[in-house]
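Notebook open, structure loaded. I jot down what I looked up, one topic at a time.

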Amino acid sequence: MFQPQSKLDVVIESPTSEHQEHAVKPYNIENQEKTQKKPSVIANINASYFRICISLAGQALLWKTLSEDTNMGPTFRNLFLKLPSTAFFLLWCLSLCVLVSLSILYVLRCIFYFNMVKAEFHHHVGVNYLFAPWISWLLLLLSAPSFILRHKYSCEYLWWLLIIPVVGLDVKVYGQWFTTEKRFLSMVANPTSQLSVIGNFIGAHAAIKMGWRESGTFLFTLGLTHYMIVFITLYQRLSGSNHIPSKLRPVFFLFVAAPSMAALAWKSIKGSFDIQCKMLFFLSLFLFTSLASRPMLFKKSMKEFSVAWWAFSFPLTFLALAATAYAQQVKSLTATGLAVVLSTISVLVFLILLVFSTLKIDSLLHKPILKFSNDSMSYNLN
């Protein structure tokens, strides 16, 4: 008797082990979380990025000064007058575009990431960079071509619009130094504390240029008084005070910027580069030599390009401007040669930084040195 055989197909699937499931799943989740939590450009753009604008506007002011009739003797006079006015105008337009773009991004940061702005204000380094946007606009006003701001009153209105936030920040920052126990200058002092002083000197320089002599004298007095206090405090910082990380060490060149701009501001008040201006210029020249002779101090900060590199540029520009004013007063071959050398160094450093920033724009925008938490008032220094 024939009995049909029943076929039974058995399909054996290779089961995925629990270990593999757990190994793959978290990896994908972590990648998704990293993609979702990647900070936007608006979140990364803090006030320290405006040091780029200070460098651009300062360089435009230097080119404008050198392209004018310098009265520095026949040897180098023709060299300076050969600087094309078109190049200066294009540089000023570039400064304006970059400053407007960064200002828009920072306004959006204030709207969508207000907690980050609050954390920036309470940070001992970040609060000093809140002066940087206003310094940039003041320098842009000083370096503006004559045919753009033809009316005197338009310059005056713009100056008042820009100087009011600077004075407001002065009241807040300087007031904390001698009234708040948790914000003693001896504990929070760092090289970026000189930005507030530089803002006062640039405001005074711009005020005198527009005929506001009393306002300029007031700002210069405010800046000079606090510069002496900050300068002495930075020389004798306490061991437990807040220090800056190695990546921010280019800000040590702010030691050069403050006396250089003070010399230019006092020249505007007195009308000539007198003995006081020369003393401030020689101080800035000595400080520049002291920093330039210690390249190992900046070794760690130069390993990877960052926005902190721009702190090399505008202090050198201010020093070159002071050297140019000194050469105009002294009218000697040595003084003029010094002005040429410092101006050349300033331009070369500026061009190198401009090329690096263009080639590494993605790294510049997505790897900020200063980071501030959006969820709390905490902050990070990379």
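**Q59 and its partners.** I started with Q59, which sits in helix 3 (residues 51-67). Helices here are DSSP runs of H or I with at least four residues, strands are E runs of at least two, and both are numbered from the N terminus. Q59 has a relative accessible area of 0%, so it is buried. My cut-offs: buried is under 20% relative accessible area, exposed is over 50%, and partly exposed is in between, with a 1.4 Å probe and protein chains only. The Q59 side chain makes a polar contact of 3.3 Å with the side chain of S346. That term means a pair of N or O atoms within 3.5 Å; within protein, one must be able to donate a hydrogen and the other to accept it, and residues adjacent in sequence count only if both atoms are side-chain atoms. I also checked Q59 against V347: 288 residues apart in sequence, yet 7.5 Å apart in space, C-alpha to C-alpha.

**Ground rules.** The model is predicted, so I note that local features need pLDDT of at least 70 and side-chain atom pairs pLDDT 80 or more, while totals for chains, interfaces and linings use all residues. Residues are numbered from 1 along each chain as its sequence is written, and side-chain values use heavy atoms, with hydrogens and water left out.

**Salt bridges.** How many salt bridges does the count come to? I get two, taking a side-chain nitrogen of Lys or Arg within 4 Å of a carboxyl oxygen of Asp or Glu. Side chains of opposite charge can pair when their charged atoms come close.

One of them joins R109 and E120, 3.5 Å from N to O. This pair links distant parts of the chain, eleven residues apart, with R109 in helix 5 and E120 in helix 6 (residues 114-121). Buried or exposed, I asked of R109 and E120? Both are buried.

I then looked at E304 and K367, whose closest N and O atoms are 3.5 Å apart. E304 is in the loop between helix 13 and helix 14 and K367 is in the loop between helix 16 (361-366) and strand 1 (370-372), so this salt bridge ties together parts that are 63 residues apart in sequence. E304 is partly exposed at 41% relative accessible area, and K367 is partly exposed at 48%.

**Aromatic pairs.** Searching the whole structure gave me 26 aromatic pairs. Rings of Phe, Tyr and Trp (its six-membered ring) pair if their centres lie within 6.5 Å; planes under 30 degrees apart are stacked, over 60 edge-to-face, and the rest tilted. I pulled up F201 and F220, a tilted pair at 5.5 Å centre to centre and 45° between the planes. F201 is in helix 10 (residues 194-209) and F220 in helix 11 (residues 213-235), so the pair ties together parts 19 residues apart in sequence. F201 is buried at 0% relative accessibility, and F220 is buried at 6%.

Next I took F282 and Y326, an edge-to-face pair: 5.6 Å centre to centre, 75° between the planes. They bring in distant parts of the chain, 44 residues apart, with F282 in helix 13 (residues 275-292) and Y326 in helix 14 (residues 313-330). F282 is partly exposed at 43%, whereas Y326 is buried at 14%.

Which residues do ring pairs link into a cluster? I wrote down F201, F220, Y227, F231, Y235, F252, F255 and W266.

**Helix 10 and helix 12.** I checked helix lengths against an expected span of 1.5 Å times one less than the number of residues. Helix 10 has 16 residues and should span 22 Å; its end C-alpha atoms are 23 Å apart, which agrees. In helix 10, 15 of the 16 residues are buried, so the rest of the structure largely encloses it. G211 follows helix 10 with a positive phi near 95°.

Helix 12 (residues 254-270) has 17 residues; the expected 24 Å agrees with the 24 Å between its end C-alpha atoms. Since 14 of its 17 residues are buried, helix 12 is also largely enclosed by the rest of the structure. G271 follows helix 12, with a positive phi near 90°.

**K331.** Most residues other than glycine have a negative phi. K331 has a positive one, near 60°. K331 lies in the loop between helix 14 and helix 15 (333-359) and is exposed at 56% relative accessibility.
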